[in-house]
Amino acid sequence: MYMKPQILTLLFLVLLSTFKITAQEEPQYVETQATITALESKIRGRSSTETASITYVTESGDTIASQTRLFHIPFLGSFKNVGDQITIQYQKDNPYVVKSANESFLQTYGLYILIAFGVLLTGYRFIKSRKTE
């Protein structure tokens with residue numbers, strides 16, 4: 001059986017619409033070193049997070065206490081300890097908004113990319129098996 005191009009186009013548009021598209025201006029971030037003051041791990045079902053309480057000094061010389069998520073391996077942790085230095089980025093306009101400098105595109109969207117790849121691979125195999133019948 002042959003899949004019509006309209007169905008493939010519709011499937012593509014549905015997958016494309018699941019991604020968040022925004023036209024907002026990206027805030028400016030400043031990179032600095034922070035000291036970990038406390039670590040907290042949470043495990044809920046199949047997901048886990050590790051949060052670090054940190055202190056850092058801004059460009060203007062203010063010392064700020066905040067929290068950030070750390071990259072970690074489930075059941076092993078982040079391999080960071082209290083007192084360690086980490087690289088963070090804070091918003092220039094609002095220095096209380098912090099993100100870890102280690103956050104990458106794959107960390108954020110990796111699971112979604114794998115799911116989309118699995119759906120596409122399954123669809124391809126399904127179409128291929130229909131053609132051979």
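# A tour of the five-stranded sheet

Begin by selecting I36 and I54, since I36 stands opposite I54 in strand 2. What you are looking at is a predicted model, and this pair is a convenient place from which to trace the pairing of strand 1 with strand 2, which runs in the antiparallel sense over 10 bridges. Following the chain to the turn of this hairpin, where 2 residues lie between the strands, you arrive at G45, whose phi is positive and near 65 degrees.

**The whole chain.** Now zoom out and colour by secondary structure, which shows 2 helices and 5 strands, arranged from the N terminus on as α-β-β-β-β-β-α. Of the 133 residues of the chain, 20% count as buried. If you display the accessible surface, it comes to about 10,600 Å², and 59% of that area belongs to carbon and sulfur atoms. A contact map of the chain would show that, among contacts between residues at least 6 apart in sequence, 51% join residues at least 24 apart.

**The sheet.** Select the 5 strands together: they form an open sheet in the order 3-2-1-4-5, with antiparallel pairing. Which strands stand at the edges? They are strand 3 (63-70) and strand 5 (98-100), and because each has a single partner strand, one side of each is left without a neighbour in the sheet. Looking across the sheet, you will find neighbouring strands turned against each other by 45 degrees on average, with direction ignored.

**Strand 2 and strand 3.** Keep strand 2 (47-57) in view and add strand 3, to which 8 bridges join it in an antiparallel run. Two places are worth labelling here: V57 has T63 as its bridge partner in strand 3, and T55 stands opposite A65 in that strand. The hairpin that these two strands make has 5 residues between the strands, and within it G61 takes a positive phi near 95 degrees.

Stay with T55, which lies in strand 2 and counts as partly exposed at 28% relative accessibility. Leaving aside neighbours within four places in sequence, T55 is in contact with A34, T35, T37, I64 and A65. A distance drawn from T55 to I36, C-alpha to C-alpha, reads 6.8 Å, although the two are 19 residues apart in sequence.

**The two faces of strand 3.** Next, show the side chains of strand 3 and rotate the view from one face to the other. The covered face carries I64, S66, T68 and L70, whereas T63, A65, Q67 and R69 belong to the uncovered one.

On the covered face, select S66. Is S66 buried or exposed? With a relative accessible area of 15%, S66 falls under the 20% limit, and therefore counts as buried. A polar atom of the S66 side chain lies 3.4 Å from the backbone oxygen of Y96. Expanding the selection, with neighbours within four places in sequence left aside, brings in the contacts of S66, namely A52, S53, I54, Y56, Y96 and V98.

**The nonpolar core.** Which residues make up the largest nonpolar core? Select V30, A34, I36, A52, I54, Y56, I64, L70, I86, I88, Y90 and V98, 12 residues in total. Strand 1 (29-44), strand 2, strand 3 and strand 4 each supply at least two residues of this core. In soluble globular proteins, nonpolar side chains tend to be buried together.

Within this set, centre on A34, which touches I54, T55, Y56, D84, Q85, I86 and I88 when residues up to four places away in sequence are not counted.

**The loop and the far edge.** Move next to G83, in the loop between strand 3 and strand 4, where a relative accessibility of 44% makes this glycine partly exposed. G83 touches T35 and I36, not counting residues up to four places away in sequence. Between G83 and T35 the C-alpha to C-alpha distance is 5.8 Å, across a separation of 48 residues in sequence.

Finish at strand 4 (residues 85-91), which pairs with strand 5 in the antiparallel sense over 3 bridges. To see one residue pair of this pairing, select Q89 together with K99, its bridge partner in strand 5.

Methods: Residues numbered from 1 in each chain as written. Predicted model: local features only at pLDDT ≥ 70, side-chain atom pairs only at ≥ 80, totals over all residues. Heavy atoms only, no water. Pairing = 2+ DSSP bridges. Helix = DSSP H or I, 4+ residues; strand = E, 2+ residues; numbered from the N terminus. Axes fitted to C-alpha atoms, helices over the stretch in contact; angles between N-to-C directions. Buried < 20%, exposed > 50% of the residue type's maximum accessible area, 1.4 Å probe, protein only. Polar contact = N/O pair within 3.5 Å; in protein donor to acceptor, adjacent residues only side chain to side chain. Contact = heavy atoms within 4.5 Å. Core = buried A, V, L, I, M, F, W, Y, C linked by side-chain atoms within 4.5 Å. Areas by Shrake-Rupley, 256 points an atom, 1.4 Å probe, with all protein chains shown as cover.
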